[in-house]
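Visitor: Before I accept any label used for this model, I would like to see the reasoning behind it. Please show me the structure, and then we can go through the terms.

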Amino acid sequence: MLLDGREVVVVSSASATSSVYAANHNTLGIHETHNVLYYAVSGSKSSNAQVYHVVTRLLFPMLDQRLSRRSMGDLTAPIALALYGKIKPYTRMKNARVTHEKFLKEPLYCATNLVMFGSRYPETTYEDLRTLDATMPERFYKVPFWFWPSMRARKRMLGQIAVYLTKDVSEEDGWLGSAFKRLFRDNNTALHEASSHLLTFQWGMHTNMSGIGSWLFLFLLRHLDAFLAVRNEIDKAVKEDFGDLEAFVANVNPQTLDKPCFALLTPALFETMRLTAIFVALRVAESDLQLEDQGERVAVRKGEYVMGNVRAVHMNESPYPDHHKFVFNRFAHGEYREGRLPTENQPWLCFASGRHLCRGRYLAMYDLKVAAILYLYLFDFAPVTKGSSPWWPPRTTRRHLGIPRVEEIFIDIRPRHDA
């Protein structure tokens with residue numbers, strides 16, 4: 001296939017796709033994707049070699065440590081507390097009509113940043129990041145678009161991030177903010193380059209996580225049986241396993257979120273990812289090689305681009321009967337084991353595979369579980385239909401990058417007085 005002017009070798013079987021994403025960077029290089037995303041987000045013209053060095057040699061090792069499952073044990077409860085504080089004002093309203101962006105995405109963005117980057121990281125960056133994200137597919141694929149609003153948004157964010165990075169390292173910088181600052185200073189990274197890397201990380205951390213969160217709620221609202229089953233499970237777990245919501249917020253951690261008491265919420269989240277993940281991560285062959293794809297050997301020459309078709313793997317009818325449907329309990333039948341993904345032994349590649357697993361996978365999983373529990377326990381929802389147009393299926397943007405972006409949907413909400 002032809003992608004952004006490049007001839008790309010595409011493989012679609014589960015084994016070949018998995019091997020592409022798990023391959024050593026000396027076999028299939030990952031520098032192309034890092035460089036293209038870095039430039040698309042930040043606009044910085046740093047050398048490709050320098051970008052690759054900072055990402056793979058400096059940022060990845062730090063993120064592996066700071067975003068590990070063990071580290072999330074100290075972070076999940078603070079994020080839950082911060083998110084609870086952001087949405088609690090809605091519980092004092094009799095009812096309200098809000099957009100899914102304002103109600104679902106912005107509070108999670110602010111709560112996560114507060115814990116990860118501290119109180120000195122500017123909350124006002126949300127709208128600018130949203131404006132920039134709206135143009136990311138066009139930036140990545142290099143197609144014409146009206147760029148001026150997003151250029152101004154990016155400039156404002158880079159300026160605010162630069163101010164944040166120039167301040168002395170403090171306890172107010174959060175779990176990740178202090179680590180970013182020390183890393184950049186210890187390696188004498190130029191301020192503009194450091195700001196560009198942090199902006200790129202912010203985009204990567206928030207855009208897919210918030211997109212998956214939106215789709216999870218929309219799928220649940222569309223499928224009443226799934227909505228009621230997951231909500232009933234949450235109600236029961238909060239009351240029987242924690243006592244009340246305040247106790248849940250204060251004590252939640254990865255171990256409790258992975259308990260069998262959330263045996264339906266976790267599979268519903270992973271089914272949402274299966275249906276919505278669209279990857280365009282390119283690898284570059286560093287030498288001639290062969291890939292086995294659906295019983296055939298595919299020759300790849302040195303310098304050619306390779307992409308594993310995750311969408312084809314996830315839409316395969318053999319491992320996933322009714323592959324196009326949201327089956328909320330599709331992954332609910334495996335044996336429970338702490339730390340085990342419900343998709344184990346299934347061709348599920350939303351976090352990639354092998355040595356290139358998504359560094360933020362635990363943050364995304366536990367953030368979204370906490371958000372789902374708080375929102376479903378506290379509120380009733382009803383999507384608003386505009387005129388004669390049904391709200392489902394939701395309209396999405398023309399081009400996608402990672403997760404399809406949902407256009408604005410209004411939701412009527414009211415507190416659950418029996419919660």
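Visitor: What share of the 419 residues of the protein chain counts as buried?
Guide: In this predicted model, 56% of the 419 residues count as buried. The cut-off for that label is under 20% relative accessible area.

Visitor: What makes the protein chain as compact as a globular protein of that length?
Guide: The chain has 17 helices and ten strands. Its radius of gyration is 21 Å, and the globule rule gives 22 Å for 419 residues; the two values are close, so the chain is as compact as a globular protein of that length. Its C-alpha atoms fill a box of roughly 65 × 55 × 45 Å along the principal axes.

Visitor: How many residues are in the largest nonpolar core?
Guide: That core has 117 residues. Those with the most contacts inside it are Phe117, Phe180, Phe248, Phe262, Tyr375 and Phe381. Apart from it lies another core, of eleven residues, including Val9 and Val306.

Visitor: Why is the pair of Phe117 and Phe180 called tilted?
Guide: Stacked needs planes under 30 degrees apart and edge-to-face needs over 60. The planes of Phe117 and Phe180 are at 35 degrees, with ring centres 5.9 Å apart, so the pair falls between those limits and is tilted.

Visitor: Why is the pair said to tie together parts that are apart in sequence?
Guide: Phe117 belongs to helix 6 (residues 100-117) and Phe180 to helix 10 (residues 174-186), so the pair joins parts 63 residues apart in sequence. Phe117 and Phe180 are both buried.

Visitor: What makes the aromatic pair of Phe227 and Phe381 edge-to-face?
Guide: The angle between the planes is 85 degrees, and the label requires over 60. The centres are 6.4 Å apart, which meets the pairing limit of within 6.5 Å. Phe227 lies in helix 12 (residues 224-242) and Phe381 in strand 9 (residues 379-383), 154 residues apart. Both Phe227 and Phe381 are buried, and both belong to one aromatic cluster with Tyr90, Phe103, Phe217, Tyr375 and Phe379.

Visitor: How do you know that the charged end of Arg66 sits over the ring of Trp175?
Guide: The distance from the ring centre is 4.1 Å, and the test asks for CZ of Arg within 6 Å and within 35 degrees of the ring normal. Arg274 lies over the face of Tyr320, at 4.9 Å from the ring centre.

Notes. Residues are numbered from 1 along each chain as its sequence is written. This is a predicted model: local features need pLDDT of at least 70, side-chain atom pairs count only at pLDDT 80 or more; totals for chains, interfaces and linings use all residues. Side-chain values use heavy atoms; hydrogens and water are left out. A nonpolar core is a set of buried Ala, Val, Leu, Ile, Met, Phe, Trp, Tyr and Cys residues joined through side-chain atoms within 4.5 Å. Buried means under 20% relative accessible area, exposed over 50%, partly exposed in between (1.4 Å probe, protein chains only). Rings of Phe, Tyr and Trp (its six-membered ring) pair if their centres lie within 6.5 Å; planes under 30 degrees apart count as stacked, over 60 as edge-to-face and the rest as tilted. Helices (H or I, at least four residues) and strands (E, at least two) are DSSP runs, numbered from the N terminus. The radius of gyration is taken over C-alpha atoms; the globule rule is 2.2 Å times the number of residues to the power 0.38.
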